[in-house]
Amino acid sequence: MTARKKLIGELIAECIAVFIIILFGDSVAAMYSLYDPSPYKTAYWGVCIVWGLGVTIAIYATGAVSGTHANPAVTVALAVYRGFSWAKVAPYCVAQILGGFLGAVVVYTLFSPVIDHFAVSHGLDRIHDGAAAGVFFTHPGDFVTPMHAFLVEIILTAMLLFGIFAITYEHNTMAPQANSGALIIGLLVATIGASAGYLDAWAINPARDFGPRLFCYLAGWGPQALPSPGNYWWVPILGPICGGVIGAGLYRALIQPFMPKPAAAASSIETSV
C-alpha cells in the first residue's frame, strides 16, 4: 500500500469515527432535550453511557486503520509525546471536523420535525433563541461563564488524555488487555460526562463541537452557533487542546517513568553493561 493510499484510508477512518460518535451522541442529546417527559431527565447516566459507547464503537470500527484519534486533542497530544507525524495533524483534524459535520447532518435529518415542534411549542426560534442548539453543540451550563468553561475543558480533557495514555501505554501491565481498551476508553468518556457534564456539556473534543456547530451555522442557527453568545465558540476548541497536552504530559512525567521495565528490555540493559 502506498503512503498516499494509507493516508487517505486513515483520513476516511477518522471522519467515520467522529461521524459515529456524533450520530449516537447528538441523537441521545436530542432524546434528552426535545421530549417531554424526557426518557433521560431522571437517568442522565444513560446519556453519558451512550456517548461513551459511541466512542467504543468508533474505536472498534476504525482503530485498525487510523488508531481512532477521533479528537484533535488526542491527535495533538500524540504528536507532542508519542511521535505521531506533525504533517498528519492538520489533515486528521480536518477529517475529524468533517465527520462531526456529517454526523450532525444525519442527526438533523432524523430529528428535524421534533426540533421544529420543540421550537414552536416553546415559542423559540433558532437565530434569536438558539432553539434546540444544545442537541448539536456545547454551551456553558447554569452559573458558568465562558472563561470558567475554558478552565473546565482544560481539566476534563486533561483527565481524558491522562486516562487514554495510561490505557494505551504498552508497558502498563494494569492496562486493559486485547481489545478491551476501547470499552474502557468509552467508559472513561462516560465517567467524565457523569461527573461534570452539566458544567458545559463536556465537549472534551474540538471536532465533536465545531463540526456540528458549523453545520448549525449553515442550517439556520447563524450567530447562535458562530460566534455564539459570549463569543463562546473558541472555548471547546482551545480548551481541549491545551488540556490534552497537559494531561498527557502529566502521565508521561508522573507515572510512565516509574513503570516496571519489561523483562526483555531489562535483560538487554544488563547484558550491555
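K6 and E10 form a salt bridge, with their closest N and O atoms 2.4 Å apart; the term is used here for a side-chain nitrogen of Lys or Arg within 4 Å of a carboxyl oxygen of Asp or Glu. The two residues are four positions apart in helix 1 (residues 3–34), so about one helical turn separates them. Helices (H or I, at least four residues) and strands (E, at least two) are DSSP runs, numbered from the N terminus. The model is a predicted one, in which local features need pLDDT of at least 70 and side-chain atom pairs count only at pLDDT 80 or more, while totals for chains, interfaces and linings use all residues. Residues are numbered from 1 along each chain as its sequence is written, and side-chain values use heavy atoms, with hydrogens and water left out.

The partners in this first bridge differ in their cover. K6 is partly exposed, at a relative accessible area of 40%, whereas E10 is buried at 4%. Here, buried means under 20% relative accessible area, exposed means over 50%, and partly exposed is in between (1.4 Å probe, protein chains only). E10 also meets K88 in a salt bridge of 3.0 Å, N to O. Because E10 belongs to helix 1 and K88 to the loop between helix 3 (72–81) and helix 4 (89–121), this contact ties together parts that are 78 residues apart in sequence. K88 is partly exposed, with a relative accessible area of 23%. Together, K6, E10 and K88 are linked in a network of salt bridges.

Five salt bridges are held in the structure. Another of them joins the side chains of D116 and R126, again at 3.0 Å from N to O. This pair connects distant parts of the chain, with D116 in helix 4 and R126 in helix 5 (residues 126–129), ten residues apart. D116 is partly exposed at 38% relative accessibility, while R126 is buried at 18%. R126 has an aromatic neighbour too: its charged end sits over the ring of W221, 4.4 Å from the ring centre. Such a placement requires NZ of Lys or CZ of Arg within 6 Å of the ring centre and within 35 degrees of the ring normal. R82 is placed over a ring as well, lying over the face of F165 at 4.0 Å from the ring centre.

Turning to contacts between rings, a search of the whole structure finds 15 aromatic pairs. Rings of Phe, Tyr and Trp (its six-membered ring) pair if their centres lie within 6.5 Å; planes under 30 degrees apart count as stacked, over 60 as edge-to-face and the rest as tilted. W51 and W202 make an edge-to-face pair, 6.2 Å from centre to centre and with 65 degrees between the planes. Their contact bridges distant parts of the chain, since W51 is in helix 2 and W202 is in the loop between helix 7 and helix 8 (206–221), 151 residues away. Both rings belong to buried residues: W51 has a relative accessibility of 8%, and W202 has a relative accessible area of 7%.

F162 and Y251 form another edge-to-face pair, at 5.4 Å centre to centre and 85 degrees between the planes. Here the link runs from F162 in helix 6 (residues 146–168) to Y251 in helix 9 (residues 235–254), with their positions 89 residues apart. F162 is partly exposed at a relative accessible area of 29%, but Y251 is buried at 2% relative accessibility. Ring pairs also join Y32, Y44, W51, Y198 and W202 into a cluster.

On the surface, F24, L53, I57, Y60, L183, I184 and L187 make a nonpolar patch of about 580 Å². Helix 2 (44–66) and helix 7 (181–200) are the elements that give two or more residues to this patch. Patches are made of residues with over 30% relative accessible area and no salt bridge, like charges being joined within 9 Å and nonpolar side chains (Val, Leu, Ile, Met, Phe, Trp, Tyr) within 5 Å. The areas come from the Shrake-Rupley method with a 1.4 Å probe, and for residues only the protein chains shown count as cover. L183, one of the patch residues, lies in helix 7 and is partly exposed at 37%.

Finally, the unreviewed UniProt entry annotates residues 12–32, 44–68, 89–111, 147–169, 181–204 and 232–251 as "transmembrane region". UniProt positions follow the numbering used here, feature names are shortened, and annotations may be inferred rather than shown by experiment. In the model, residues 12–32 are 100% helix and 0% strand, and their end C-alpha atoms lie 30 Å apart. For residues 44–68, the end C-alpha atoms are 26 Å apart, and the span is 92% helix and 0% strand.
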